[in-house]
Amino acid sequence: MRWYILLKTNVRKEYIELKRYLPNTIAMLLTFYFIFLAMFLGIQVIGDPGAQDVNTQYIIVNYVFWFLTVMVINQIGFDIINESMRGTLEQLAMSPMGIWRIMTARLVATTILNFIIVVILLLMSMLTTGQWLNIDVVTIIPILVLTLFSMYGLGLIIAGISIVLKQVQAFLQILQFILMGLTFIPLSVAPILSFFPFVKGVDLMRSVMIEGLTLSSINLGDIAILLINAIIYFTLGLATFLCCERIAMKKGLLAQY
């Protein structure tokens, strides 16, 4: 029940901020849409005409999941910075739920609201290009859930670093391009990336949405990699966050910016 109230509160908070600062929300949506248009036009101009349809489908899936990873992983770092600047980070630490539970609930709340934006971007992209992907909800949901756990782990690592270092905006901006690389590079080019967070999940999503892969035809080895990544990265992320929280409390950093 406490987790439900915490999640509901964070969803409401995130929704209010998106609504209250609507021009910024619309600008964010248009920015990512224009980035997609630039990629799409680039394929039309310099791409192989015989492979344009497939390349366009790859771009749609890659850029949509790049947006999701940026919003889930990067946003939590900016949230910590904003809480520090507002002077409310110490108040979160004094909550009976603790910072790590609040940040975890905020990660889930951010995912829920940004998933709606992802759906909008996906529809806009498919309408723009005329390329309609295979949206197999039964197959996509379990892959997405396991992929999100590894994203949450990375997000908690970023949150922990942000609590201690405070000024990490430049790093977060660089991280956006690192996330783009991890999202766009196919595993056929670099198989070792299977053991990086969320990369295997995005690769399977591409197979589902472009090649029509079904849940029953997914290799057990792929599912095992997804599950192991989810467990390892979420555990590592939580442990890192708790360690950074202890360092911040020991040095008295929660009340300072």
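## A walk from helix α1 to the ring pairs

Start by selecting Leu 6, Asn 10 and Glu 14 in α1: these residues are buried (under 20% relative accessible area, with a 1.4 Å probe and protein chains only; exposed is over 50%, partly exposed in between). They sit on the same side of α1, because their arc around the axis is only 65 degrees, taken from the directions from the helix axis to the C-beta atoms. Helices here are DSSP runs of H or I with at least four residues, numbered from the N terminus.

Before moving on, note that this is a predicted model, where local features need pLDDT of at least 70, side-chain atom pairs count only at pLDDT 80 or more, and totals for chains, interfaces and linings use all residues. Numbering runs from 1 along each chain as its sequence is written, and side-chain values use heavy atoms, leaving out hydrogens and water.

Now turn α1 around: the face away from the buried side carries exposed residues, among them Tyr 4 and Lys 8.

Next, select Asp 79 in helix α3 (residues 52-86). Asp 79 is buried, at 4% relative accessible area. Beyond neighbours within four places in sequence, Asp 79 is in contact with Glu 14 and Arg 106 (heavy atoms within 4.5 Å).

Finally, look for the seven aromatic pairs (Phe, Tyr and six-membered Trp rings with centres within 6.5 Å; planes under 30 degrees apart are stacked, over 60 edge-to-face, the rest tilted). Phe 32 and Trp 66 make a tilted pair, with centres 5.3 Å apart and 55 degrees between the planes. This pair ties together parts 34 residues apart in sequence, because Phe 32 lies in helix α2 and Trp 66 in helix α3.

Terms used. Helix = DSSP H or I, 4+ residues; strand = E, 2+ residues; numbered from the N terminus.
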